[in-house]
Amino acid sequence: MAQDPRVQSAARALARSRRLVVFTGAGVSKESGIATFREPETGLWAQYDPMELATYEAYVRRPAFVWSWYEHRFGAAAAAAPNPGHRAIAELEHLLPRVSVVTQNIDGLHQRAGSSDVIELHGNMLRFKCLSGRHTGFVLDDFAGQDEKPPRCPDCGDPLRPDVVWFGEALPADAIDRAQALSAACDVMLVVGTSGVVYPAAGLPFLAAEAGATVIDVNPERDALAAAAEIFLRGPGGEVLPQLVASVREHLTG
Ligand code: BV8
């Protein structure tokens, strides 16, 4: 891939960038062993559609069931380690003047890989709040002794929920506002591992392209963002990104 002219032109664009946004989806965590949203899960959850489970209605209707789905995912995220793709993204911060990561993922792996400016558009499943939303900022240890599923809010006794954005819920205003401002002002956007079907997140690459940024899309298969991407690099992030970053380093060190 290193001699691939598309990788070379992507590396040149990245090496020149002054304001880079890296926009990621579930695919960037696939090589860490975390299931994506639209590729069938294996095992117990294979027959359930995440779109049906990641909603307020599903949680209110079947709280223990939806909580068990998240417990399965907490376990996967806790057992997972950042993969070479996450680490390559984190390395870009040491090569380029300004790098912001905007992620749809809720697994916290970009932060664990060392990225220091991460906007979580859809929250983080290792943070919890009560159903009313009045009490937030809980972590798993805050209710470790509770057997009830879902556990109860230590402050008000409401059922707890993961601090994530469910379908039909608004994204945190500060997160989406900052992500849209950065996308409209960036000169390069590197998109990794998203099918580009979930809005308003999927609008960000189009915002960047309309503002004249070079949009680079990394995905093993074509996704819905093809119209926004100037350069498409076909392949898994864990393979493409380390090669891309090595090429950026070559361009910068001459
Ligand atoms: C909103 C957190 C309005 C939870 C997620 C009806 C009612 C209400 C809203 C809507 C509606 N119809 C449409 C909408 C809008 C809706 C939406 O966009 N729906 C889509 C499906 C049509 N959006 C919303 O509901 C949003 N809210 O609109 O609110 C509003 C406004 C004001 C006031 C009130 C309400 C909220 C959306 C957020 C939902 N929450 N996650 C949880 O995770 O449990 S979204 C969920 O999908 C994940 O975050 C996931 O990241 C995200 C996007 O999916 P992708 O990341 O792209 O993952 P996917 O599996 O699809 O693709 C993986 C890609 O990776 C593939 O392309 C694959 O090829 C690639 N890949 C595979 N292997 C690799 C790889 N890439 C690289 N390397 C590899 N190795």
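This report describes the two domains of a predicted model and the surroundings of its ligand.

**Domains**

The protein chain falls into two parts, and neither is a single run of sequence: domain 1 covers 1–33 + 82–122 + 171–254, and domain 2 covers 35–79 + 129–164. Where the two parts touch, domain 1 supplies 11 residues and domain 2 supplies 11 residues. Taken over C-alpha atoms, the centres of domain 1 and domain 2 are 28 Å apart.

**Ligand site**

The ligand occupies the largest pocket. Around the ligand there are 35 residues, and those that come nearest are Arg 38, Tyr 70, Arg 73, Thr 194 and Ser 195. Both domains take part in this shell: domain 1 gives at least three residues, and domain 2 also gives at least three. By residue class, the shell around the ligand consists of 16 nonpolar, 12 polar and seven charged residues.

**Polar contacts of the ligand**

The table lists pairs of polar atoms, one from the ligand and one from the protein.

| Ligand atom | Protein partner | Distance |
|---|---|---|
| Nitrogen | Glu 169, polar backbone atom | 2.7 Å |
| Oxygen | His 122, N or O atom in the side chain | 3.0 Å |
| Oxygen | Gly 193, polar backbone atom | 3.3 Å |

Glu 169 and Gly 193 thus meet the ligand through backbone atoms, whereas His 122 does so through its side chain. The ligand exposes 1500 Å² when taken alone, and the protein buries 75% of that area.

In short, the ligand lies in the largest pocket, with residues from domain 1 and domain 2 in the shell around it.

Definitions and conventions. Residues numbered from 1 in each chain as written. Predicted model: local features only at pLDDT ≥ 70, side-chain atom pairs only at ≥ 80, totals over all residues. Heavy atoms only, no water. Near = heavy atom within 4 Å. Polar contact = N/O pair within 3.5 Å; in protein donor to acceptor, adjacent residues only side chain to side chain. Areas by Shrake-Rupley, 256 points an atom, 1.4 Å probe, with all protein chains shown as cover. 1 Å grid on protein atoms, 1.4 Å probe; cavity = no way out; pocket = protein on both sides within 12 Å on 5 of 7 lines; lining within 4 Å. Sits in = over half its atoms within 2 Å of the grid points. Nonpolar A, V, L, I, M, F, W, Y, C, P; charged D, E, K, R; others polar. Domains from an automatic or database assignment. Contact = heavy atoms within 4.5 Å.
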